[in-house]
Amino acid sequence: GLDVTGLLAQTGHVTLDAGFVNTASCASTITYIDGDAGVLRYRGYPIDQLAEKSSFLEVAYLLIYGELPGASELADFTERIQWHTLLREEMRRFFDGFPRDAHPMAVLSSAVSALSTFYQDSLDPFDREQVEISTVRLLAKLPTIASYAYKGSIGQPFLYPDNSLGYVENFLRMTFGVPTMPYELDPVHASVLDMLFVLHADHEQNCSTSTVRLVGSAQANMFASVSAGVNALFGPLHGGANEAVLDMLQQIHAAGDDAQSFVKKVKDKQAGTRLMGFGHRVYRNYDPRAAIVKKAAQEVLSGMAKPDPLLDIALRLEEIALSDDYFIERKLYPNVDFYTGLIYKAMGFPTRMFTVLFAIGRLPGWIAQWREMMADPMTKIGRPRQIYTGATERAYVPMEQRG
Ligand code: ACO
């Protein structure tokens, strides 16, 4: 074990809190979570009310500016975003350079990072106007980048944005449309995807948001900070979980639909098997977003011509887990991503695009948190301490004397 007293004598009084389980990194006015009660609010508004009544751009405005927009404020915000949806042609050619089988999250983070090369006029984190234009550019261009990452992966031509369409409609058309045919939008898909973006829009100091803040605390520009957040979200324990859930459901299906024996494997911790889409650092109760997503999944999937057997497996897994002592004792409940993948699949998204959808949804939160941090006079560069457990001082050994 660690010689804690000895270490403290060397280091002085520092707190070791692996994974920041109990350490706040900032004060924030954006998002409130009560993990025990299963409560989530953006700027005070409960998530279920926002999911039911608001739209994604309205929520983006709320998170970034602190208040719900009036009708003309929302119209103006929407118009500014629509104006900036195009990518520069040089940037469009980027997508040809990546291997066809590249993960779209890797393409997304690279392209977001590259925005710092194209928009050198808006990199000053303390210039209000520059921060405004970067905010609008990011929100406008992320869906275009995401759909180009997808089109590049399947070798189809890119579609330019159509700014007469809404935010989500435009994204769906750029992703699934082809230049040779008119695109027929499914309005249920558009409204459900908009709602899922609302549910993902912020979640206080999660791994990717903390990453955005840490990178930003060095006064790195918004594009650089957000691309770091995209990379954090790429990880399977964070945004990559929605993809991992679907892989898990597919594996169970391929092995004969035996949810019970899969849960047993999880409980026996065989090769680190986890029930993906279950558990959360903060929620020790049903994730309020998961309840909304579950309902949406049942709605979207019931409208399909051919039922998806994976939905039944997911429902069964949840039922088994929620009545099993292993999960009860550890307070493991479905999180937001347990059912999202099934909806994305029903809409036609390949599994690898799932985390990209999470990134589009989370973007307003990253921007709002970055801006809040930059505007806060208490902000200092993030610089954690450590407890050193390596070798004590020793003299350099010349090469010829090493064994
Ligand atoms: N399946 C089985 N056991 C689990 C799971 C799970 N999904 N999650 C946690 N546990 C167990 C752990 O093995 C541990 O058991 P032990 O006490 O016997 O060792 C106990 O529950 C506590 O788990 P920790 O890993 O310490 O919890 P932590 O808060 O660090 O992890 C996390 C949270 C990463 C979300 C975890 O629950 C997990 O890996 N879940 C699966 C991945 C997932 O769905 N991630 C999405 C998170 S939400 C999001 O990003 C939108």
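**View 1. The ligand and the residues around it.** In this predicted model, 19 residues surround the ligand, and the closest are Ala241, Arg274, Leu275, Gly279 and Arg281. A residue counts as near a molecule or strand if its C-beta atom, placed from the backbone, lies within 6 Å of it. The shell divides into 8 nonpolar, 7 polar and 4 charged residues; here Ala, Val, Leu, Ile, Met, Phe, Trp, Tyr, Cys and Pro count as nonpolar, Asp, Glu, Lys and Arg as charged, and the others, Gly among them, as polar. If you would like to find these residues yourself, numbering starts from 1 along each chain as its sequence is written. Since this is a prediction, local features need pLDDT of at least 70 and side-chain atom pairs count only at pLDDT 80 or more, while totals for chains, interfaces and linings use all residues.

**View 2. An open antiparallel sheet.** Three strands line up in the order E1-E2-E3 to form an open sheet with antiparallel pairing. Strands E1 (31-34) and E3 (45-46) stand at the edges with a single partner strand each, so one side of each is left without a neighbour in the sheet. Strands (E, at least two residues) and helices (H or I, at least four) are DSSP runs numbered from the N terminus, and two strands pair if DSSP finds at least two bridges between them. E1 and E2 are joined by 4 bridges, and E2 (residues 39-42) and E3 by 2 bridges. Follow Tyr42 across the sheet: this residue stands opposite Thr31 of E1 and opposite Tyr45 in E3. Elsewhere, Asp34 stands opposite Val39 in E2, and Arg41 has Pro46 as its bridge partner in E3.

**View 3. Faces and turns of the sheet.** Side chains alternate along E1: Thr31 and Ile33 point to one face and are buried, whereas Tyr32 and Asp34 point to the other and are not. Buried means 20 or more other C-beta atoms within 10 Å of the residue's own, exposed means 12 or fewer, and partly exposed lies in between, with C-beta atoms placed from the backbone. In E2, Leu40 and Tyr42 make up the covered face, and Val39 and Arg41 the uncovered one. The E1–E2 hairpin has 4 residues between the strands, and its Gly38 takes a positive phi near 70 degrees. The hairpin of E2 and E3 has 2 residues between the strands, and Arg43 in that turn has a positive phi of about 50 degrees.

**View 4. Helix H3 and the glycine after it.** Of the 10 residues of H3, 8 are buried, so this helix is largely enclosed by the rest of the structure. Among the buried ones are Phe56, Leu57, Tyr61 and Ile64. Gly66 follows H3 with a positive phi near 95 degrees and is found in the loop between H3 (56-65) and H4 (71-83). With 13 C-beta neighbours inside 10 Å, Gly66 counts as partly exposed. The C-alpha atoms of Gly66 and Tyr42 are separated by 9.0 Å, although these residues are 24 residues apart along the chain.

**View 5. Two helix pairs.** H9 (residues 187-200) and H17 (residues 337-347) pack at an angle of about 150 degrees, with their axes 11 Å apart. That makes H9 roughly antiparallel to H17. The axes of H7 (residues 128-154) and H8 (residues 167-176) come within 9 Å and cross at roughly 20 degrees, so H7 and H8 are roughly parallel to each other. Axes are lines fitted to C-alpha atoms, for helices over the stretch in contact, and angles run from 0 to 180 degrees between N-to-C directions; under 35 degrees counts as roughly parallel, over 145 as roughly antiparallel, 65 to 115 as roughly perpendicular and the rest as oblique.
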